[in-house]
Amino acid sequence: MGLTAVFGTGAGTISYEDFHRSDFILLVGANVAEAHPIIFHHIMKGVHNGAELIVVDPRKTITAQKAQEHLQIAIGSDIALANAMAHVIIRDGLYHKEFVEKATAGFEEYAQSVKEWTPQKASTIAGVSAERIESLAHRYAAAPSAIIGWTLGITEHHNAVDNVLALINLALLCGQVGRPGAGLSPFRGQNNVQGGGDMGALPNRLPGFQDVLDPEVREKFSRAWGVPIAEQPGWDQTKMFEAMENGRMRGLYIIGENPVQSEANSEHVRHLFEGLDALVVQDIFLTSTAEMADVVLPARVSFAESEGTYTNSERRVQRVKPARQAPGQAQDDLWILASLARKMGHNWPVLSAKEVFDEMRVLTVNYRGMTYDRLEQEHGLQWPVPKEGHPGTKVLHERLWSEHVSPKAPFHPVPYSPQIEQVSKEYPFLLTTGRKLAFYNTGVQSNVYHHPRKSGEYLEINPEDAKRLAIQEGERVAVISRRGRVEVRTRLSDTLQAGTVFMTFHFPDEVMTNLLTIDATDPKSGTAEFKAAAVRLERLATKSAETDLTQTFLHQG
Amino acid sequence: MATSVTLKVDGDSVTLPQGTTLREACEKADHPVPTLCWHENLTPANACRACVVEVKGSRTLVASCSRVAEDGMEVWTNTERVQNARKVVAELLLSTSDATLAPDLKDLAQASGASAERFRGGATWEQPVRVDNELYVRDLSKCILCYRCVEACGADWQNTFAIQVSGRGFDAHIDAGFGRELAESDCVFCGNCVAVCPTGALIGKTEWDLRNQGAWDEERISTTTTICSYCGVGCELKLHVLDNKIVKVTSPMDNPVSHGMLCVKGRYGYEFVQSEETLVPNS
């Protein structure tokens, strides 16, 4: 959303190989070594070639341990840090004046907005020294080429889009975008998040990020599809949940998601689904969500049993092909959708994935030059590929470096807003969630293979906190938020700062982490604040000891 | 500084960009040299000496995998001295290691006229197979100490540094630190070491089991390239399927995203596809 607002396209601006040739790699809220291991290979190539790697993360992740410098900021303080960096860069005259003048808009307003963000002010919020913030700002601005990469540590907050915009502002300020080795790179959490966006699976976009509010766009698609295109954007997930809540939305059709376990405040999600007249789930497994459904449609495994394409985090569109026969009556998603439409009285032919792709090429400039043959022969292609014979695009927005830039890339001043839930006497810890290398999301895929360290779920806690609460390594404790309670084993870990605890949501059948998380969502993106929920810990102690222990549990900070 | 160099390989003149290795120069000149430890995506380890060539003016034979071509060099790839060196390399390795699953070593032996009998009866690297997890097996009797696994685990790709060569001389062997089982080591089970192993010393557990049962039949295994379904990196997978079951996952070495490397989920996390928990039981 942030990238779309500034550049018109919601995609990473660089290619993985740009990490090899960059001078400065700044990762914010991204544990790439565990969540995107093969991108981390590319990042480390850059490091071995001499790039400086800086990681900003509230946890000392495996990624942070590989970096030359780790800024262990407080959860949710990213905007304070970014605004203070901008403050320093402008104050010291280190910004790229020519680029700002020629290629950007709104600099004055932006400069005004960061004036109050002295490194000292940011330091009190982020918990890292003003000197380190100044130094980071100087090095980012001075680097011949720099990349900022981020992932869910930035976007799983109630102000996700503002977080992204704060980072984009820095790149605009220093001209660190639209050049080889310089750019902005969101690492997509799921394999086809980018492809879903490319295809217009967004409430306000048609394929190729074409704006549904643009009458010419609507006209083009109406003509191609023979139906009128709604003038108003659809609902995002937050609005759909609201509509279920107030009874406006009575039916839901879910394809390949397990929201009952993956969404924040999952008990509430379950409650909303129970209130629906009809719930249809299309999946390869009888997930917890599918168990609630009125109708379950058995699907084929996309990457191994059906045809199509995925788009990755460097805009590379790649072919997916069936390698095995699907079991029983499982069908392609495409077949199921077309068959449903026919049952509803529409005359949809059953097209092959290639035929659908070719139709989309006609309607979408980004994809126009791609053919299934080329995708096969060239290990995929990076959009935009405006015509056949076009080699694909490694670096986006090179136009920003031309003599006359139109449209210009606008700065978006962003205010700092702390996480919705603050720690309190009653809930003295901040719970943040994330991934582990060997497992994935709610475990539907990853809990089936025989990993030698199938650890299950545990709560990571700073050893000092554990000591104060008399919690032993491996001890089971109750974790309680305003929304729910789970019991889980603990593991002492100095990767966390005092006052912070960490869990994954990979083992929901064992520990339902998302009973705890908060469904405070970003109004612009609809993403929930998975990264910050206030919780308290209780030992599962005998009744007689309880009164005494309650006192001990209160976090002193 | 000149940007290209011209040299002679077996008498044929060839011009190449500066920085090209002799191995590549020989290939370009159509006089390819055999290799064992060299791998297209790894830093040369100079371990095996199979790729040695003679360079005019050089006292010793030169490892072509890592020696950079220089202007005016004269290189000979097939002299008696070179042939003899290759032959002895192959004979020594055959005397110590089990080459059953080592096609490159077998090719080298055949091309150089090496005899497995020549040094038979001496010490070998035979040792028990280490099966300590369900993802991959270490059969170090097959190891030729090419260092490819160490390079892939280290700075070349994975940056995990879980394995190294331990011991000296004939006792040198690949180890995950203090002889530990893999689950106790720093290994993250990406299997990138397995992907580059040229001898089957590192081998997927499923493949190892099927081979032991006599059920691994290359003729009946189909391969399909597709894309991983986990995170958003988009690694290309090659699914090896036997009797409608995925039995191995590799990644093409020439793929610009993965360069043949995968993470543990991509390489081994495929069981869900053929799990009995799938929504529709096999009919």
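**Briefing: a strand hairpin, a two-domain chain and an interchain contact**

In chain A, strands β18(A) and β19(A) form a hairpin, with three residues lying between them. The structure is a predicted model. Chain A has an average pLDDT of 93, and 97% of its residues score at least 70. The points below cover the strands around β18(A), the confidence in chain A, the contact between chains A and B, and the domains of chain B.

**Strands around β18(A)**

- The hairpin partners, β18(A) (residues 476–481) and β19(A) (residues 485–492), run antiparallel and are joined by five bridges.
- Within this pairing, A:Val477 of β18(A) has A:Val488 of β19(A) as its bridge partner.
- Strand β23 of chain A (residues 533–539) also runs antiparallel to β18(A), and five bridges join the two.
- In that second pairing, A:Ser481 has A:Val535 of β23(A) as its bridge partner.
- In a regular strand, side chains alternate between the two faces of the sheet.
- The side chains of β18(A) alternate in this way: A:Val477, A:Val479 and A:Ser481 point to one face and are buried.
- A:Arg476, A:Ala478 and A:Ile480 point to the other face of β18(A) and are not buried.
- Two of the buried residues thus appear in the bridges named above, A:Val477 with A:Val488 and A:Ser481 with A:Val535.

**Confidence in chain A**

- Against the chain A average pLDDT of 93, residues 543–557 of chain A have a pLDDT below 50.
- Beyond near neighbours in sequence, this stretch of chain A has 17 contacts in the model.

**Contact between chains A and B**

- In the model, 53 residues of chain A are in contact with 50 residues of chain B.
- On the chain A side, the elements that give two or more residues are α4 (37–48), α13 (193–198), β11 (295–298), α19 (302–305) and β13 (316–320).
- Of these, α4(A) gives the most to the side that touches chain B, with six residues.
- By class, the residues on this side of chain A comprise 27 nonpolar, 19 polar and seven charged.

**Domains of chain B**

- The domain assignment divides chain B into domain 1 (1–124) and domain 2 (136–274).
- The C-alpha centres of domain 1 and domain 2 of chain B are 26 Å apart.
- The contact between them involves 20 residues from domain 1 of chain B and 19 residues from domain 2 of chain B.
- The side of domain 1 of chain B that touches domain 2 of chain B consists of twelve nonpolar, five polar and three charged residues.

Technical notes
Residues numbered from 1 in each chain as written. Chains lettered and ligands numbered in written order. Predicted model: local features only at pLDDT ≥ 70, side-chain atom pairs only at ≥ 80, totals over all residues. Buried ≥ 20, exposed ≤ 12 C-beta atoms within 10 Å, placed from the backbone. Helix = DSSP H or I, 4+ residues; strand = E, 2+ residues; numbered from the N terminus. Pairing = 2+ DSSP bridges. Domains from an automatic or database assignment. Contact = placed C-beta atoms within 7 Å. Nonpolar A, V, L, I, M, F, W, Y, C, P; charged D, E, K, R; others polar. pLDDT = per-residue confidence, 0-100.
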